[in-house]
Amino acid sequence: GQSYRVDINIPSNGGLCGAQFCCEWKLLQRIQHKVELIQQRLKNADSMTSFLQEFVHIAESCVKEHSIETDIWSLQTSQILQQIEELGWENLVSIDESLSHLEFGLYDNAARWHKIQMKFNTKDPNTPAICETSLPEIFHFSWSGKTCLKHIFQEFQAAVSSYQHFWDIMQEIDDKCWVLEPEQPTFADTRRRIAIGPNLSIQINVNCGQPSTFPECRFLGTHSAISELREKLNVNLHMWDAERSLLRNLQEVLDLDFPSRTETRIEELTVDCGICYCHHQQQEIPEIVCE
């Protein structure tokens, strides 16, 4: 086996109680979690011989554990690199030095870029990977001891494909309307607050699984303006057609055209209002309306 240098500094009185233990860096990396125990055993040892016997036992155990972990990680590294090769290096966005955090990306049918981060437990390859995405729902994937990167990525591709209609609908709203919130929507956002007029807006929460259906909605503005919109909605709701886009349906049932960024300045849509300011700061819909 490999040999390591160990130094034990004994005080002038010859007692082990005040002795100090140190060793070379390579060995220290393997026994790091046992240094405090080793120092305690040195302090309480009856003799140098008994301490050295106990130290050798502890050190050999640590070196053996480290060797096993290194062998396992070397095998995992080889497997991960092989799996990346099978998946395609062109899909890899980033990877850390430990190969435990990987990020992959893909374009959907509308050339939108989507990423998935995968985090693996390097000490236990049977532990399910942790995946982070910008999907509007939690990404669930099948996992077993034989699951590889390609399987997870394929399930991610399928999930991305399933939300195409939802993202098309949300993109139309973002492109054609003044979206007040969120200011920088992500693919995970199902909520939009759309400007209708000065201090008048509608907040919708779209069902990402059935985006053409009538969304949860709430009006924000003066009592008189809100009452008028609610009345139009109640009268025209029967006109909702799931074959049309959500934006077109909203325009039909509310009997209005939403202002666009190209034709309207933001100053025309917002004025100072304490209630609206609180809504913006707290990300909550107020219980009272502004007048």
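Let me start with a cluster of rings: F104, F139, F141, W143, F153 and F156 are linked by ring pairs. Keep in mind throughout that this is a predicted model.

Within that cluster, take F141 and W143. Their rings make an edge-to-face pair, with 6.4 Å from centre to centre and 80° between the planes. W143 is partly exposed, because its relative accessibility is 23% and the buried class stops under 20%. In total the model has 11 aromatic pairs. Another of them is F51 with F55, where the ring centres are 6.0 Å apart and the planes meet at 20°, so this pair is stacked. Both residues sit in helix α3, residues 48–87, and they are 4 residues apart, which is about one turn of the helix. F51 is buried, at 1% relative accessible area, and F55 is buried too, at 8%.

Now back to F104, from the ring cluster. What does F104 touch? Leaving out residues up to four places away in sequence, its contacts are I84, L87, N91, L92, V93, H114, K115, I116, M118, L149 and F153. In soluble globular proteins, nonpolar side chains tend to be buried together. Here the largest nonpolar core has 48 residues, and F104, I116 and F258 are the ones with the most contacts inside it. Helix α4 supplies the largest share of this core, 6 residues. A separate core of 14 residues lies apart from it, and its members include L16, A19, A45 and F51. That is the F51 of the stacked pair with F55.

Next, the sheet. It is an open sheet of 4 strands, in the order β3-β4-β5-β6, with antiparallel pairing. At the edges are β3, residues 92–95, and β6, residues 130–133, each of which pairs on one side only. From one strand to the next, the twist averages 20°. Helix α4, residues 149–162, packs on this sheet, where it touches β4, β5 and β6, and its direction makes about 145° with that of β5.

For those new to sheets: strands pair through backbone hydrogen bonds, either parallel or antiparallel. Look at β4, residues 101–107, and β5, residues 113–119, which pair in the antiparallel sense over 7 bridges. If you want to find the register by eye, G105 stands opposite K115, and Y107 stands opposite W113. On its other pairing, β5 meets β6 in the antiparallel sense over 4 bridges, and there Q117 has E132 as its bridge partner.

Which residues of β5 are on its covered face, and which on its uncovered one? H114, I116 and M118 are on the covered face, while W113, K115, Q117 and K119 are on the uncovered face. The general background is that side chains in a regular strand alternate between the two faces of the sheet. I116, on the covered face, is one of the residues with the most contacts in the largest core.

Some backbone details come next. Most residues other than glycine have a negative phi, and most peptide bonds are trans. There are exceptions to look at here. The strands β4 and β5 form a hairpin with 5 residues between them, and A111 in the turn has a positive phi of about 65°. A111 is not a glycine. Is A111 buried or exposed? A111 is exposed, because its relative accessible area is 55% and the cut-off for exposed is over 50%. N199 also has a positive phi, of about 55°, and is not a glycine either. N199 lies in the loop between β8 and β9, and it counts as buried, at 18% relative accessibility. As for the peptide bonds, the one from E181 to P182 is cis, with omega near -10°. P182 belongs to the loop between β7, residues 179–181, and β8, residues 191–197.

Last, helix α5, residues 164–176. Its 13 residues reach 18 Å from the first C-alpha to the last, close to the 18 Å expected. Which residues of α5 are buried? They are Q164, F166, W167, I169, M170 and I173. The elements that cover them include β5, α4, β7, β8, β9 and α7, the last of these being residues 246–254. So both β5 and α4, which we met at the sheet, appear again in the cover over α5.

Definitions and conventions. Residues are numbered from 1 along each chain as its sequence is written. This is a predicted model: local features need pLDDT of at least 70, side-chain atom pairs count only at pLDDT 80 or more; totals for chains, interfaces and linings use all residues. Side-chain values use heavy atoms; hydrogens and water are left out. Two strands pair if DSSP finds at least two bridges between them. Helices (H or I, at least four residues) and strands (E, at least two) are DSSP runs, numbered from the N terminus. Axes are lines fitted to C-alpha atoms, for helices over the stretch in contact, and angles run from 0 to 180 degrees between N-to-C directions. Contact means heavy atoms within 4.5 Å. Buried means under 20% relative accessible area, exposed over 50%, partly exposed in between (1.4 Å probe, protein chains only). Rings of Phe, Tyr and Trp (its six-membered ring) pair if their centres lie within 6.5 Å; planes under 30 degrees apart count as stacked, over 60 as edge-to-face and the rest as tilted. The expected span of a helix is 1.5 Å times one less than its number of residues. A nonpolar core is a set of buried Ala, Val, Leu, Ile, Met, Phe, Trp, Tyr and Cys residues joined through side-chain atoms within 4.5 Å.
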